[in-house]
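Biologist: I should like to discuss this model with you, beginning with the ligand and then turning to the packing of its elements. Please reason through each reply before giving the result.

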Amino acid sequence: MSHTVVTGGCGFIGSHLVERLVRDGHRVVVYDPAPLPPGIEGIAEHVRADILDERRVSEVVDSADTVYHLSAMVGVDRYLARPLDVIEVNVLGSRNVLRAVHATGAKVVMASTSEVYGRNPAIPWAEDADRVLGSTTADRWTYSSSKAVVEHMTYGFARQHGVRASTVRYFNVYGPRQRPAYVVSRTIHRLLTGKPALVYDGGRQTRCFTYVADAIEATVCLADNSEADGQVFNIGSDQETSIGEIARLATHLIGGTVSSVDTAHTLGERYEDIERRVPDVSKAKAVLGWRATTEVAEGLATTIEWARGARWWLALTS
Ligand SMILES: NC(=O)c1ccc[n+]([C@@H]2O[C@H](COP(=O)([O-])OP(=O)(O)OC[C@H]3O[C@@H](n4cnc5c(N)ncnc54)[C@H](O)[C@@H]3O)[C@@H](O)[C@H]2O)c1
């Protein structure tokens, strides 16, 4: 039985990862100050501590074979409201995890994001595509920049110190338990609570929405594959879907209406949207033998079915 630590294990992706690892028979320790979500409380050991507590991180990582580092400050609302916390938690927290695995020799899987590519117009993005970002005066880029620094730090620990580290760049993951602050989760939440779905700036922006079970499959493949050490992988669907289409599919399945919003009047100049986000997933296919297999319509239907029965989640605000 291997011993794994999942930082951020109470979050959306982390909680699905914890469930999967427990099901596979691993000993799992969750490192996260938040409680585990309803329905899966008590399935794993839980250390409620901050990732910025370096001593605690190194104590908890000490006997682990594998560490999945998912804790982070995530979400547009957070990087506009708390840009400094985004930088500190993401960068310094990741440094604590990397130092801890350097001391023990454990394998680490680091969660990064498609946001690192910024608004590079040359899609699809291979892993070595350029980063194209806006000004540092726009808080919107703190998340992308923090994750890029973490990536540099991870490659540095791998090359300079031989740390076994793989990085996963997730593309718009969605599914049960996601906070209703993202395109899919907010659309479903609003429609199920009797509010109109919101479509920003005409809804023509596209994303490659990735069902959480597919993302988890790739994440565990990375931990087990030594060929992935020192490498970064795009983990996303290659099905490009517009945000307007998500609203159309969701209203078809739930009912309700769609309302148009102009971001210039809501988020203001501090936010800069990205028109298209498409991964080149050939590296994940070649090295991990992985590709996303869940169609958006299927993933949406499964998420809606779950949401209808999740009272605690419907009680959140969207
Ligand atoms: N969901 C996506 O589509 C997506 C896309 C790209 C990258 N990611 C990355 O995947 C990872 C997981 O994302 P998620 O969607 O599950 O986010 P989430 O917000 O649901 O989970 C993040 C978890 O980190 C924990 N956390 C926050 N601050 C912490 C701190 N100071 N100490 C310890 N834990 C702390 C939170 O309590 C939370 O449980 C993150 O690293 C994120 O950047 C997610």
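Biologist: How do the residues of the shell around the ligand divide into nonpolar, polar and charged?

Modeller: The model is predicted. In it, 25 residues surround the ligand, and the closest are Gly 8, Gly 11, Ile 51, Ser 71 and Ala 72. With Gly counted among the polar residues, the shell divides into 15 nonpolar, 7 polar and 3 charged residues.

Biologist: Which element gives the largest share of the shell around the ligand?

Modeller: The elements that give two or more residues are helix H4 (83–104), strand E5 (107–113) and helix H1 (12–23). The largest share is 3 residues, and the element that provides them is H1.

Biologist: Is the crossing of H6 and H8 left-handed or right-handed?

Modeller: The axes of helix H6 (residues 183–192) and helix H8 (residues 243–254) come within 10 Å, crossing at roughly 35 degrees. The crossing is right-handed.

Biologist: How many charged residues has the contact of H6 with H8?

Modeller: From H6 the contact draws on residues including Val 183, Thr 187 and Leu 191, and from H8 on residues including Ile 243, Ala 247 and Thr 251. By class there are 10 nonpolar and 2 polar residues, and the number of charged residues is no more than none.

Biologist: Which residue stands opposite Asn 234 in E11?

Modeller: Strand E11 (residues 232–235) is covered on both faces, with Val 232 and Asn 234 buried on one side and Phe 233 and Ile 235 buried on the other. Strand E6 (residues 165–170) pairs with E11 in the parallel sense over 4 bridges. Opposite Asn 234 stands Arg 169.

Definitions and conventions:
Residues are numbered from 1 along each chain as its sequence is written. This is a predicted model: local features need pLDDT of at least 70, side-chain atom pairs count only at pLDDT 80 or more; totals for chains, interfaces and linings use all residues. A residue is near a molecule or strand if its C-beta atom, placed from the backbone, lies within 6 Å of it. Axes are lines fitted to C-alpha atoms, for helices over the stretch in contact, and angles run from 0 to 180 degrees between N-to-C directions. A crossing is left-handed if the near helix is turned anticlockwise from the far one by less than a right angle, and right-handed if clockwise. Two residues are in contact if their C-beta atoms, placed from the backbone, lie within 7 Å. A residue is buried if 20 or more other C-beta atoms lie within 10 Å of its own, exposed if 12 or fewer, and partly exposed in between; C-beta atoms are placed from the backbone. Two strands pair if DSSP finds at least two bridges between them.
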